[in-house]
Amino acid sequence: MFRIDLLPAEYGDAIWLEYGQRRRINRLLIDCGTAAVYPRIRERILALPEGQRYFELLLVTHVDIDHIGGALALLRESASLGVSFGEIWFNGYMHLSPGGVVPAAVADDTLGPLQGEELSDLIVANGRQRWNAVVHGGALVVPDAGPLPQLALPGGMRLTLLSPRQEQLDALRPVWDAACRKAGLVPGVAAADDGRRLEEADVEQESDDLLGDPDPEQLAARPYKADRARPNGSSIALLAEYAGRRALLTGDAFAEVLLASLARLPGSAGGRFAVDACKLSHHGSRGNTSSELVRALNCRHWLISSNGKQFGHPDGEAIARVLRDSGGNARLHFNYRSEFNEMWSSTALQRRYRYSTSYPAGDAAGVQLELSQRSSR
């Protein structure tokens, strides 16, 4: 069993991943959406028997309100919920500089001011030794050369790190304080839940307002303008592999970084790299899904996490590039039905571009994908 639940996370990400056998199910949690999403995560955790509230990994991909808000609430309540984690992955301020590691414990076992960043203190409270343990407390960063970092989880799951590179961490360092304030990580400072993000609105974007069905050829032909938001660039992205199945879990990573890492994987030379599922980076933003990235993959299932709030994701260009460049037979999985993705349910479009769609029954349902041995790429 290898199942991906794209939880209803408003305009963010919250991915509940399960793998293993019926008698021994292993779990990962990747991001927790905004603070408003946390009650749904809490309810799901409480539905587990007390002895099974354990996750092999909690991954917080980067400093952004729509990925980190729910994680703060979860870590604050972890003891009362009886939930624990084998490892917790997050690149904090000390990890942005080359060679930076989690500081050794001191008498009170706290990190001190640390740019006023709360998440790091909460991780320490949940077990300093678990923080980026796979790299001995160092940064989760893709090296310039050599094999990509890997972690073998109990039960047979293998994770390969695809993003970020050191240059993305270097770029985030000068704006760390501002990023933490916007993400709600500074005690006493409310998160900037008003549509403003670091550099995210710097590039004027074209409108997707169209009458009738969208034109994928026209949308895909629009010039690609790569995302340059520094928190997004620092996002941790992974290739998850279990029982012969692969899922690309991208966070908000840059398409160019993902593309370069994919090219270093065995089996990528001379053709498309086969994965069973790919979560579109940055909720289907036009600046994070390039035609080159789509063409580098042989993928059937494309996952999109957004209710369209704040930025109107997914962007038409990103979906159009998937339809035009994926080679056909794509299936789009949306964890909400919204005015920003409803148009892709058109029967005429699906026939013409040979794709299908999956929407949840309601806003509280999310979407679930089972990557069984019978599923096809």
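**Entry 1. Cysteines**

I began with Cys278, which is buried in this predicted model; its relative accessible area is 4%. I then looked for the cysteine sulfur closest to that of Cys278 and found it in Cys299, at 5.5 Å. Cys299 is also a buried residue, with 4% relative accessibility. How many disulfides does the structure hold? I recorded zero. A disulfide requires the two sulfur atoms to lie within 2.5 Å, and the 5.5 Å between Cys278 and Cys299 is therefore too far for a bond. Approached from Cys299, the search returned Cys278 as the closest partner, again at 5.5 Å.

**Entry 2. Nonpolar cores**

I next examined how the buried nonpolar residues are grouped. The largest nonpolar core has 63 residues. Which of its residues touch the most other members? I noted Trp302, Leu332 and Trp344. A second core, separate from this one, comprises 43 residues, and I listed Phe85, Leu96, Leu119 and Leu185 among them. As background, nonpolar side chains in soluble globular proteins tend to be buried together.

**Entry 3. Helix H8**

I looked up which residues of helix H8, spanning 255–262, are buried. They are Ala255, Val257, Leu258, Ser261 and Leu262. Why do these residues fall on the same side of H8? Around the helix axis they cover an arc of only 165°, which places them on the same side. The general rule is that an α-helix has 3.6 residues a turn, so residues three or four places apart point the same way.

**Entry 4. The second largest pocket**

I turned to the second largest pocket and noted a volume of about 170 Å³. Its lining consists of Pro147, Leu148, Gln150, Arg158, Thr160, Leu239, Glu241, Arg246, Arg264, Leu265, Pro266 and Phe273. Which elements give two or more residues to this lining? I found strand E7 (158–163) and strand E8 (237–242). By residue class, the lining of this pocket contains six nonpolar, two polar and four charged residues.

**Entry 5. Cis peptide bonds**

I checked the peptide bonds that precede two prolines. Ser163 and Pro164 are joined by a cis bond, with omega at about 10°. Pro164 sits in the loop that runs between E7 and helix H4 (166–172). I recorded a further cis bond between His313 and Pro314, where omega is about 5°. Pro314 belongs to the loop between strand E11 (297–304) and helix H10 (316–325).

**Entry 6. Positive phi angles**

I then considered residues that have a positive phi without being glycine. For Glu10 the phi value is about 55°. Where does Glu10 lie? I placed Glu10 in the loop between strand E1 (2–6) and strand E2 (15–21). Ala243, likewise not a glycine, has a positive phi of about 50°. Ala243 is located in the loop between E8 and strand E9 (245–249). Is Ala243 buried or partly exposed? With a relative accessible area of 43%, Ala243 is partly exposed.

**Entry 7. Contacts across the sequence**

Finally, I looked up several residue pairs by their separation in sequence and in space, taking the distances from C-alpha to C-alpha.

Ile45 is part of helix H1, which covers residues 38–46. Ile45 is buried, at 0% relative accessibility. Gly82 falls in the loop between helix H2 (65–81) and strand E5 (84–89). Gly82 has 41% relative accessibility and counts as partly exposed. In sequence, Ile45 and Gly82 are 37 residues apart; in space, their C-alpha atoms are 9.2 Å apart. I made a similar entry for Gly82 and Leu46, which are separated by 36 residues in sequence and by 8.9 Å in space.

Ala179 belongs to helix H5, residues 176–182. I recorded Ala179 as buried, with a relative accessible area of 3%. Its separation from Pro231 is 52 residues in sequence and 7.0 Å in space.

Leu17 is a residue of strand E2. Leu17 is buried, with a relative accessible area of 0%. How many residues apart in sequence are Leu17 and Ala240? I noted 223, against a distance in space of 10.0 Å from C-alpha to C-alpha.

Technical notes: Residues numbered from 1 in each chain as written. Predicted model: local features only at pLDDT ≥ 70, side-chain atom pairs only at ≥ 80, totals over all residues. Heavy atoms only, no water. 1 Å grid on protein atoms, 1.4 Å probe; cavity = no way out; pocket = protein on both sides within 12 Å on 5 of 7 lines; lining within 4 Å. Points joined across faces, edges and corners; volume = space filled by probe spheres on them. Helix = DSSP H or I, 4+ residues; strand = E, 2+ residues; numbered from the N terminus. Nonpolar A, V, L, I, M, F, W, Y, C, P; charged D, E, K, R; others polar. Core = buried A, V, L, I, M, F, W, Y, C linked by side-chain atoms within 4.5 Å. Buried < 20%, exposed > 50% of the residue type's maximum accessible area, 1.4 Å probe, protein only. Arc of directions from axis to C-beta.
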